[in-house]
Each structure stands twice: as structure tokens, then as C-alpha cells.
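Colleague: I should be grateful for a close look at a single part of this model, explained for someone in the first year of study. Please keep to that part and to what surrounds it.

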Amino acid sequence: MKRIIRCLLITAVLTLTSGPTAATNATPDENVAWQAFKEGKALLVLRHALAPGFGDPESFQLEDCSTQRNLNAEGRSQARAWRPFLAARGINEARVFSSQWCRCMDTANGMGMGPVTEWPSLNSFFQGRGDRSLQTQQTIEQVNAMAPGKPIIMVSHQVNITALARVSPSSNEGVIISLPLSENPRVLARVSPSK
């Protein structure tokens, strides 16, 4: 009897200390979301890393980072944290798309997941700088028209993600959304390297 109990205890310990849940500290729902992401059945959209402040200065110019709110040292470190966080989940490369704002491009490039493509539809429309419904619709159409391939990561702004996914992410927080995208999105998980 003691031997059976000991075997059961060893099996329980091995189960709890192995496999994807222990390795990634993910809940079962998160594991399902990550699997869908890896298989191309979902995408990851994240808010840029920490860029202290609110909005952008009145002197904002898209081509001039000095006129924008930018990542600080912590934000740059947060962006770099995505690479090992994703690698621990078996994701080493992705198709990466970003808002043209410097804080988004710097986050996307800092992740080190592959070349970054600028997507104007991911640009912020906060403070009247764009068109919420048009850009959201363009993003949905662009994603749904993509051929199968590497996982898709998009880096954008809080307002864009709220319009797309109906959630309000913190800086450097990502949302895994089921594909195809629609106006009634299915959010599978909210994720971040800092959680």
C-alpha cells in the first residue's frame, strides 16, 4: 500500500512540475490560446511598451520621433522581454506588423521576432489623429486576407486594441484573438511577460 501511495505521489509531483503549464506559468485557457496562436488560428495584438505620459505633443510629426511620446528605459526592457517569453511557448519567429508611431515600432523591433512591417491602420486615432471605424475595418480585412504562415503579431495603441478586441490593455500587455477577425471578436487570453 505504501508503495502505491508513493508511486501516486511521485506521479502527481511529476505532472505538476512538467509540461507547458509549469514551464510557462500559464493557465489551461492560456495554453489553449497559445496553441491556437502557434497554429495560425489566433493572433497576438499588443499595446506598445511603457512610454510615460498621455497622448502626444501638439507638435507631433509621424516622421520625427523627437515630437512623440517614446519608450523609456523600462519600456525598451519590456519590449525585449517578449522574445524569451514567446520562445518559452515555442514561438521564435513571427510576422510582425506595427503602427508607424515610434513607440510601437521600437516595441516591435525590440521584440526581435522578425522584420517589422508598418501598417497605417494600426496608427493611433486618439486625439482625432485618425478614423476609428475605418482603421479597425482595414485591420480586420488585412489580417483576414493573409495567407497561412508564421504567427501574426501586431503592435498598436490602447484605443486601437479596444476598438478591435473590446478590452483595454495596459502598456506592454497583449491580447490573443481568435481568427478570422470580426466585429465580434473572441478574445482567448490576455498575456504579458510581466505577469
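Modeller: The answer below sets the scene and then turns to one helix and its surroundings.

The model is predicted, so local features are reported only at pLDDT of at least 70 and side-chain atom pairs only at pLDDT 80 or more, while totals for chains, interfaces and linings use all residues. Residues are numbered from 1 along each chain as its sequence is written, and side-chain values use heavy atoms, with hydrogens and water left out.

The protein has 7 helices and 6 strands; helices (DSSP runs of H or I, at least four residues) and strands (runs of E, at least two) are numbered from the N terminus. Read from that end, the order of elements is α-α-α-β-α-β-α-β-α-β-α-β-β. Of its 195 residues, 44% count as buried, where buried means under 20% relative accessible area, exposed over 50%, and partly exposed in between, with a 1.4 Å probe and protein chains only.

The part chosen here is helix H5, residues 102-111. Because 7 of its 10 residues are buried, H5 is largely enclosed by the rest of the structure. The buried residues are Cys 102, Arg 103, Cys 104, Met 105, Thr 107, Ala 108 and Met 111. They pack against strand S1, helix H4 and strands S2 (95-98), S3 (116-118) and S4; contact here means heavy atoms within 4.5 Å. After the helix comes Gly 112, with a positive phi near 65°.

At Cys 102 the helix is joined to another part of the chain. The structure holds 1 disulfide, a disulfide being a pair of cysteine sulfur atoms within 2.5 Å. Its partners are Cys 65 and Cys 102, whose sulfur atoms lie 2.0 Å apart. The angle about the S-S bond is -85°, and the link is left-handed. It connects distant parts of the chain, since Cys 65 sits in the loop between S1 and H4 and Cys 102 in H5, 37 residues apart. The two ends also differ in their surroundings: Cys 65 counts as partly exposed because its relative accessibility is 35%, whereas Cys 102, at 6%, counts as buried. Cys 104 takes part in no disulfide, as the nearest cysteine sulfur, that of Cys 102, is 9.4 Å away. With a relative accessible area of 0%, Cys 104 is therefore buried.

In soluble globular proteins, nonpolar side chains tend to be buried together. A nonpolar core is a set of buried Ala, Val, Leu, Ile, Met, Phe, Trp, Tyr and Cys residues joined through side-chain atoms within 4.5 Å. The largest such core here has 27 residues, of which Leu 44, Leu 86, Ile 153 and Ile 176 touch the most other members. H5 is one of the elements that give two or more residues to this core, alongside helices H3 (28-38) and H4 (73-87) and strands S1 (42-47), S4 (152-156) and S6 (187-191). Apart from this core lies another, of 16 residues, among them Trp 119, Leu 122, Ile 177 and Leu 181.

Ile 153 shows how a residue of the largest core meets H5. Beyond its neighbours within four places in sequence, Ile 153 is in contact with several residues, including Phe 37, Leu 44, Leu 86 and Met 111. Met 111 is also one of the buried residues of H5.
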